[in-house]
Amino acid sequence: MPRTRRRSLAVGLVAAALALALFGWLVGYQRLIATVASLRPLPFALGLLVAAAGMGCRFLALAALLDVRPRIGSLLAYLRGFYGQQLLPMGNVAGPVIIAYSMETATGISTDRGLPGAVIAQGATFLGSTTAALVGTLVLVSRGQRALLPVAGVLATVSVLWLGLLIALVRGLDLGRPAHAVGGAIRRTVGRLSTRVAERTDPAAIDRTLVEFDDARRLIRDDPVRVLLAFGWVLVAWVLFSLTAVTSGMALGTPIPIAVALVAVPVSDLLNVIPVPGGVGGVEAAMAGVFVGVGGVDPATSVVAAFCVRLCTYWFVLVLGGVATTLAAA
């Protein structure tokens, strides 16, 4: 394995360990150990499989947008990029760039040409999260929880906003001015320390990147079936990720309805934007709060259930990403 790849893998593992240490400090190490020891193994193992399938659906969404045939090599590259995204603070913001760069060698699509697909996939993921949560909320409202009607209204509004942004991204939202503004800020800061960064954020280089970006985006716009297929895969992914709350409840002997899971898991995942790798701490707290407020689950059990869900959807995914990074670097 090349030295730079070994160094990258080592940094990733250290970051993952620090994130786990942070969560252990927030929740309590004794509680974490007791939680793992008390789990029923079969339902929890099912949750791990469901989370892996959810990641596969996210990969298929991006493959549809890039118009590439799904292969093992490109799957490993996607998991490697997702691994980096989850370990970085504000990873959801830089995620499309990281994933497009990671997939370049596996697909032959340059980062600039792959970036529109990655950005649109990220937008579809956010839209899918609010759509799944809206469906779960409406199901709960139909079962008598009328107090959730304002929540349904908020989720419907946010979904419409995400849909509008996604349509704008596909149809040709002008990114020239914000790209040059961000590039200029990076060039004046990081560019002073890195010649490569300074070259990539030069105005002429940004213009070339925008041309590549718009050309690749036009191909997606001319074939809207790609976007619809990607959104379908994203919705399936959110259902699968939400099912990990159901399996975690089974593993703990505390039933969590799928409608509650459809609200808790996607909504809490939006807190990934906080500047902590994977949103550790905030995501679990939000998820536990939804379990209590919407599902009526005991507060102590809710914290444990949220941790179990994150074992499936974050820590296990990190393991998959670390394995993919090692295999791709071999």
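**Reading the surroundings of Tyr-78**

Colleague: Let's start with Tyr-78: which residues is it in contact with, leaving aside its neighbours within four places in sequence?

Modeller: Contact here means heavy atoms within 4.5 Å. With those sequence neighbours set aside, Tyr-78 touches Met-55, Arg-58, Phe-59, Leu-62, Ile-99 and Met-103. Bear in mind that this is a predicted model, where local features need pLDDT of at least 70, side-chain atom pairs count only at pLDDT 80 or more, and totals for chains, interfaces and linings use all residues. Numbering runs from 1 along each chain as its sequence is written, and side-chain values use heavy atoms, with hydrogens and water left out.

Colleague: Phe-59 is on that list. How do I read its ring against that of Tyr-78?

Modeller: Phe, Tyr and Trp rings (six-membered ring for Trp) pair if their centres lie within 6.5 Å; planes under 30 degrees apart are stacked, over 60 edge-to-face, the rest tilted. The whole structure has five such pairs. For Phe-59 and Tyr-78 the centres are 5.9 Å apart and the planes make 50 degrees, so the pair is tilted. Phe-82 joins the two of them in one aromatic cluster.

Colleague: Which parts of the chain does the Phe-59 and Tyr-78 pair tie together?

Modeller: Helices are DSSP runs (H or I, at least four residues), numbered from the N terminus. Phe-59 sits in helix H3 (residues 41-66) and Tyr-78 in helix H4 (residues 72-87), so the pair links parts that are 19 residues apart in sequence.

Colleague: Are Phe-59 and Tyr-78 buried or exposed?

Modeller: Buried is under 20% relative accessible area, exposed over 50%, partly exposed in between (1.4 Å probe, protein chains only). Phe-59 counts as buried because its relative accessibility is 4%, and Tyr-78 because its value is 5%.

Colleague: How many residues does the largest nonpolar core have?

Modeller: A nonpolar core joins buried Ala, Val, Leu, Ile, Met, Phe, Trp, Tyr and Cys through side-chain atoms within 4.5 Å. The largest one here has 75 residues, and Leu-62, Tyr-78, Met-103 and Phe-291 have the most contacts inside it. Helix H14 (residues 299-329) supplies the largest share of this core, 13 residues.

Colleague: And Ser-302, which is in H14: what is it in contact with?

Modeller: Ser-302 counts as buried because its relative accessibility is 0%. Apart from neighbours within four places in sequence, Ser-302 is in contact with Ala-288, Phe-291, Val-292 and Val-297.

Colleague: How many cavities of 30 Å³ or more does the structure hold?

Modeller: A cavity is a set of points on a 1 Å grid, over the protein atoms alone, where a 1.4 Å probe fits but cannot get out; lining residues have an atom within 4 Å of a point. Volume is the space filled by probe spheres on the points, which are joined across faces, edges and corners. There are two cavities of 30 Å³ or more, and the second largest holds about 140 Å³. Its lining includes Arg-58, Leu-62, Tyr-78, Phe-82 and Ile-99. H3, H4, helix H5 (91-107) and helix H6 (111-142) each give two or more residues to that lining, with H6 giving the most, four residues.

Colleague: Where is Asp-67, and what is its phi?

Modeller: Most residues other than glycine have a negative phi. Asp-67 has a positive one, near 60 degrees. Asp-67 is in the loop between H3 and H4, and counts as exposed because its relative accessible area is 54%.

How values were computed: 1 Å grid on protein atoms, 1.4 Å probe; cavity = no way out; pocket = protein on both sides within 12 Å on 5 of 7 lines; lining within 4 Å.
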